[in-house]
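Trainee: I am new to this one, so could you walk me through it step by step?
Mentor: Gladly; have a look at it first, and then we can talk.

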Amino acid sequence: MTLHQESNRYTITSGDHLVTVRNRKRMDMTSVKEIERFDQEEFYVRTAQGHLLIRGEELRIVHLDVDKGLLTLEGNVKALQYDDEDNGLSKGFLHKLFG
């Protein structure tokens with residue numbers, strides 16, 4: 001990923017996946033392709049770099065731009081976990097059942 005600085009603004013090369021967490025209360029993401037499921041405690045998001053599981057409390061969507069692939073969440077972020085496999089959702093479900 002390459003960040004280009006123009007005065008006090010940074011631009012992100014198109015297609016790069018970037019996650020920024022501010023004080024564990026606000027999270028900004030780029031290259032979001034789809035939100036597969038979500039509630040106040042868990043978001044499962046498909047990104048350009050694989051599936052991302054976000055866990056926390058009182059999570060909510062503040063901004064979503066599907067065309068640009070931008071997502072902003074607020075709440076208490078507790079954990080981030082990437083799953084590189086395409087079938088990560090079903091693997092997680094089976095893993096929960098059979099350990």
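**Arg26 and its surroundings**

Mentor: Let us start with Arg26, which lies in strand β4. Keep in mind as we go that this is a predicted model.

Trainee: Is Arg26 buried, partly exposed or exposed?
Mentor: Buried means under 20% relative accessible area and exposed means over 50%. Arg26 has a relative accessible area of 26%, so the residue counts as partly exposed.

Trainee: Which residue in β4 is the bridge partner of Arg22?
Mentor: Start from the pairing: β3 and β4 run antiparallel, and four bridges join them. The two strands form a hairpin with three residues between them, and Asn23 in the turn has a positive phi of about 55 degrees. Elsewhere in this pairing, Val21 is bridged to Met27 of β4. For Arg22, the bridge partner in β4 is Arg26.

Trainee: With which residue does Arg26 form a salt bridge?
Mentor: Setting aside neighbours within four places in sequence, the contacts of Arg26 include Val62, Thr72, Leu73 and Glu74. One of these contacts is also polar, joining the side chains of Arg26 and Glu74 at 2.7 Å. A salt bridge needs a side-chain nitrogen of Lys or Arg within 4 Å of a carboxyl oxygen of Asp or Glu. With its closest N and O atoms 2.7 Å apart, the salt-bridge partner of Arg26 is Glu74.

Trainee: How many residues apart in sequence are the parts that Arg26 and Glu74 tie together?
Mentor: The salt bridge runs between Arg26 and Glu74. Arg26 belongs to strand β4 and Glu74 to strand β8, so the pair ties together parts whose separation in sequence is 48 residues.

Trainee: Which residues are joined into one network by salt bridges that share partners?
Mentor: Glu74 is bridged to Arg26. The side chains of Arg60 and Glu74 also meet in a salt bridge, at 2.6 Å from N to O. That second pair links distant parts of the chain, with Arg60 in strand β7 and Glu74 in strand β8, 14 residues apart. The network therefore consists of Arg26, Arg60 and Glu74.

**The sheet and its core**

Trainee: Which strands stand at the edges of the sheet?
Mentor: Six strands form an open sheet with antiparallel pairing, in the order β3-β4-β8-β7-β6-β5. Each edge strand has a single partner, so one side of each is left without a neighbour in the sheet. The strands at the edges are β3 (19-22) and β5 (32-38).

Trainee: Which residue in β8 stands opposite Asp28?
Mentor: β4 and β8 pair in the antiparallel sense, over four bridges. Opposite Asp28, in β8, stands Thr72.

Trainee: How many residues make up the largest nonpolar core?
Mentor: Met27 is a good place to begin, as its contacts beyond four places in sequence include Leu52, Ile54, Leu71, Leu73 and Val77. Met27 and those five residues belong to the largest nonpolar core, along with others such as Phe43 and Val45. β4, β6 (42-47), β7 (50-65) and β8 (70-83) each supply at least two residues of this core. The full number of residues in the core is eleven.

Definitions and conventions
Residues are numbered from 1 along each chain as its sequence is written. This is a predicted model: local features need pLDDT of at least 70, side-chain atom pairs count only at pLDDT 80 or more; totals for chains, interfaces and linings use all residues. Side-chain values use heavy atoms; hydrogens and water are left out. Two strands pair if DSSP finds at least two bridges between them. A nonpolar core is a set of buried Ala, Val, Leu, Ile, Met, Phe, Trp, Tyr and Cys residues joined through side-chain atoms within 4.5 Å. Buried means under 20% relative accessible area, exposed over 50%, partly exposed in between (1.4 Å probe, protein chains only). Contact means heavy atoms within 4.5 Å. A polar contact is a pair of N or O atoms within 3.5 Å; within protein, one must be able to donate a hydrogen and the other to accept it, and residues adjacent in sequence count only if both atoms are side-chain atoms.
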